[in-house]
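Trainee: Could we go through this model together? I would like to begin with the helices and the pocket.
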Amino acid sequence: MSLDFNIMVGGEAGQGIQTMGAVLAKAMSRGGLHIFSDQDYESRIRGGHNFFRVRVRDREVMALSEKVDILLAMNKETIDLHEKELKSGDSRIIYDGSVVKTGAKDGRFLDVPLAKLAEDTVKSKLMSNSVAVGAAVGLVDYDFELLAGVLQEQFAKSGKLVQEANVKAAKAGYDYARQNGRRNTMLNVKPIGKGN
C-alpha cells in the first residue's frame, strides 16, 4: 500500500506556524519521502489565521490534497475552519485543551498538554511548538532522530542550549502521542531512503 498523507499546522500569525510546517516538511524529506507544501497567511503581524500544509508521499507528488490526516491546531479558529477537511477514519486533531477550548469528545481529538509538557521538560512554554511537532511525528511513528536533526539545524544560530531544549521538548510530545494517541489503525510512516 502506498503512503499518502497530509499534515496541516494552523494558528495565529506570530505563533510560529511557518517554522513548524517547515520543520515537519524537512524531517519527512530527510527520510527520502516526497513533499509538497503550501502556506496561507493573512498577516505578518500577530493575529489573523495562518496555516502550513504538508503532503507526504512515498513517490513523486505534484499537487496538494484537500483532505487532512493530522491537524495541529494551535488555536480554536484552526479547528473551526479546518475540521471539515479531515479525512474520515483515523484522522486526528492535536491541540492543547488548556489553551484551545473545544468541548469535543470524539476520538479524532487528541488533547496533548503542549504548554505543560514544555514547562515540565525544559521550563519554557515557548517550546510548546516543538512539543506539538514532536506529537505529530510520534502519532505516525516516524523516526524521531530525523526530526531531532532538523530541529538542531533550525535553531543552530540560537546556540546549543536552545537546540537541546527544542529537541527535548519535541521528544516529550513524541512520547506523549505514541503513548496516548496511537491506534492500531494509525499510519506508520517509515523513512524510505536518504533525502536532503
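Mentor: Certainly. One term is needed beforehand: helices here are DSSP runs of H or I with at least four residues, numbered from the N terminus. Please also keep in mind that this is a predicted model.

Trainee: Which helices each supply at least two residues of the lining of the largest pocket?
Mentor: They are α3, residues 114-122, and α4.

Trainee: And how much space lies in that largest pocket?
Mentor: The largest pocket holds about 350 Å³.

Trainee: Which residues lie nearest its centre?
Mentor: Of the 15 residues that line the largest pocket, Gln15, Met74, Lys125, Ser128 and Asn129 lie nearest its centre.

Trainee: How does the lining divide by class?
Mentor: The lining of the largest pocket has eight nonpolar residues, four polar and three charged.

Trainee: Turning to packing, at what angle do α1 and α4 pack?
Mentor: Helix α1, residues 17-30, packs against helix α4, residues 128-139, at about 35°, and their axes are 10 Å apart. The crossing of α1 past α4 is right-handed.

Trainee: Which residues meet there?
Mentor: From α1 there are Met20, Val23 and Leu24, and they meet Asn129, Ala132, Val133, Ala136 and Val137 of α4. By class, this contact of α1 with α4 has seven nonpolar residues, one polar and no charged. Asn129 thus appears in two places, in this contact and among the residues nearest the centre of the largest pocket.

Trainee: Now the backbone. What is phi of Lys123 near?
Mentor: Phi of Lys123 is near 60°, which is a positive value in a residue other than glycine. Most residues other than glycine have a negative phi. Lys123 sits in the loop between α3 and α4.

Trainee: What about Asp141, where is its place?
Mentor: Asp141 is in the loop between α4 and α5, the latter being residues 144-154. Phi of Asp141 is also positive, near 60°.

Trainee: Are those two buried or exposed?
Mentor: Lys123 is exposed, because its relative accessible area is 62% and the cut-off for exposed is over 50%. Asp141 counts as buried, because its relative accessibility is 16% and the limit for buried is under 20%.

Trainee: One last topic: where is Lys194 found?
Mentor: Lys194 lies in the segment after α6, which covers residues 160-180. With 83% relative accessibility, Lys194 counts as exposed.

Trainee: What is Lys194 in contact with, leaving aside its neighbours within four places in sequence?
Mentor: Lys194 is in contact with Arg30 and Gly32. In addition, the C-alpha atoms of Lys194 and Leu33 are separated by 8.4 Å, although these residues are 161 residues apart along the chain.

Methods. Residues are numbered from 1 along each chain as its sequence is written. This is a predicted model: local features need pLDDT of at least 70, side-chain atom pairs count only at pLDDT 80 or more; totals for chains, interfaces and linings use all residues. Side-chain values use heavy atoms; hydrogens and water are left out. Axes are lines fitted to C-alpha atoms, for helices over the stretch in contact, and angles run from 0 to 180 degrees between N-to-C directions. A crossing is left-handed if the near helix is turned anticlockwise from the far one by less than a right angle, and right-handed if clockwise. Contact means heavy atoms within 4.5 Å. Ala, Val, Leu, Ile, Met, Phe, Trp, Tyr, Cys and Pro count as nonpolar, Asp, Glu, Lys and Arg as charged, and the others, Gly among them, as polar. On a 1 Å grid over the protein atoms alone, a cavity is a set of points where a 1.4 Å probe fits but cannot get out, and a pocket is an open set with protein on both sides within 12 Å along at least five of seven lines; lining residues have an atom within 4 Å of a point. Grid points are joined across faces, edges and corners, and a volume is the space filled by probe spheres set on the points. Buried means under 20% relative accessible area, exposed over 50%, partly exposed in between (1.4 Å probe, protein chains only).
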